[in-house]
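User: I'd like to learn how to read strands and helices in a protein model. Can we work through one together?

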Amino acid sequence: MLLSGKTAIISGAASPRGIGLATARRFATEGARVAILDIDADAAADAAASLGKSHIGIQCDVADKSSCEQAVARVIEFFGGVDILINNAGITQPVKFLQISAADWDRIQDVNLKGVLFLSQAVIPHMRGRKSGSIACMSSVSAQRGGGIFGGPHYSAAKAGVLGLAKAMAREFGPDGIRVNCVTPGLIGTDITAGKLTDEMRAKILEGIPLNRLGTADDVAGIYTFLASDLSAYVTGAVIDVNGGMLIH
Ligand SMILES: NC(=O)c1ccc[n+]([C@@H]2O[C@H](COP(=O)([O-])OP(=O)(O)OC[C@H]3O[C@@H](n4cnc5c(N)ncnc54)[C@H](O)[C@@H]3O)[C@@H](O)[C@H]2O)c1
């Protein structure tokens, strides 16, 4: 098993069809104990219970610094330590540039970008003390091509910000034995996109995907597992595309 004896925090992992919960399941299968942090407290508890007794679900708003600090303190108390952090929580909004209000901008940046800052700030002092840790952050193809399918320009900006932030973290904390990497998925079938894709849109999107299918949450979970495990021990500051070839460059 790739994550035997490891402990992991995954944010935004309560949604039943989401990338976070698929990752939590995969981590558990690989031998890790998992803390599911999500803004939805009941869903976080249910998701953790679905994995088994050694896992925990905790309410956490990643956009709130003290909420992150409290959640991480609980995880450390429960598990005794944290080896892996997956900054996965995110929200989107399908609007055009001129429609973005100040409140929309703040909400999208707060969850997608500031959330990575706050949750990482809560975990890194602990990882630093142990001279070891792996952090993976959720960006998106939207950051790379200036728009995905459903995210507005403020979402692209936030996810592009994640790339810069994660690379800076990789530089700063490499000497402490902490690796920081990003994943950039294309279109993955989860609740974030559910019900928004017409057959016509789907056919058009598939024309641009060499592997000729949309991604699944498990496709991303596999890459998070690689980044969390020692298979990627010499990988930091990297960005891994999970997009079926949607953006070959
Ligand atoms: N689905 C895609 O096509 C796709 C593509 C690229 C990137 N992403 C990113 O992947 C991540 C997971 O998305 P998903 O597709 O699984 O969507 P999802 O909506 O199923 O999951 C998002 C989860 O984040 C949680 N969340 C929302 N705001 C939060 C907050 N403030 N604090 C803590 N948790 C919060 C939600 O409750 C939910 O459980 C997101 O960051 C998303 O932007 C998704």
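Analyst: Sure! Keep in mind that this is a predicted model. Let's start with strand pairing: E5 and E6 run parallel and are joined by six bridges. One residue to look for is Ile135, whose bridge partner in E6 is Val180.

User: How many bridges are there between E6 and E7, and in which sense do they pair?

Analyst: There are four bridges, and E6 and E7 pair in the parallel sense. Look for Cys182, which stands opposite Val239 in E7.

User: Is E6 largely enclosed or open, and why?

Analyst: Count the buried residues, meaning those under 20% relative accessible area. In E6 that's eight of the eight, so the strand is largely enclosed by the rest of the structure. Check both faces: Ile178, Val180, Cys182 and Thr184 are buried on one side, while Arg179, Asn181, Val183 and Pro185 are buried on the other.

User: Now a helix. Which residues of H8 are buried?

Analyst: Here's the general idea: an α-helix has 3.6 residues a turn, so residues three or four places apart point the same way. In H8, the buried ones are Ala217, Val220, Ala221, Tyr224, Thr225, Leu227 and Ala228. Seen down the axis of H8, they fall within an arc of 165 degrees, so they line one face of the helix.

User: What covers the buried residues of H8?

Analyst: The cover includes helix H1 and strands E4, E5, E6 and E7. So E6, the strand we just looked at, is part of that cover.

User: And what span should H8 have?

Analyst: At 1.5 Å a residue, its twelve residues (217-228) should span 16 Å. The end C-alpha atoms of H8 are 16 Å apart, which agrees.

Definitions and conventions: Residues are numbered from 1 along each chain as its sequence is written. This is a predicted model: local features need pLDDT of at least 70, side-chain atom pairs count only at pLDDT 80 or more; totals for chains, interfaces and linings use all residues. Side-chain values use heavy atoms; hydrogens and water are left out. Helices (H or I, at least four residues) and strands (E, at least two) are DSSP runs, numbered from the N terminus. The expected span of a helix is 1.5 Å times one less than its number of residues. Buried means under 20% relative accessible area, exposed over 50%, partly exposed in between (1.4 Å probe, protein chains only). The arc is that of the directions from the helix axis to the C-beta atoms. Contact means heavy atoms within 4.5 Å. Two strands pair if DSSP finds at least two bridges between them.
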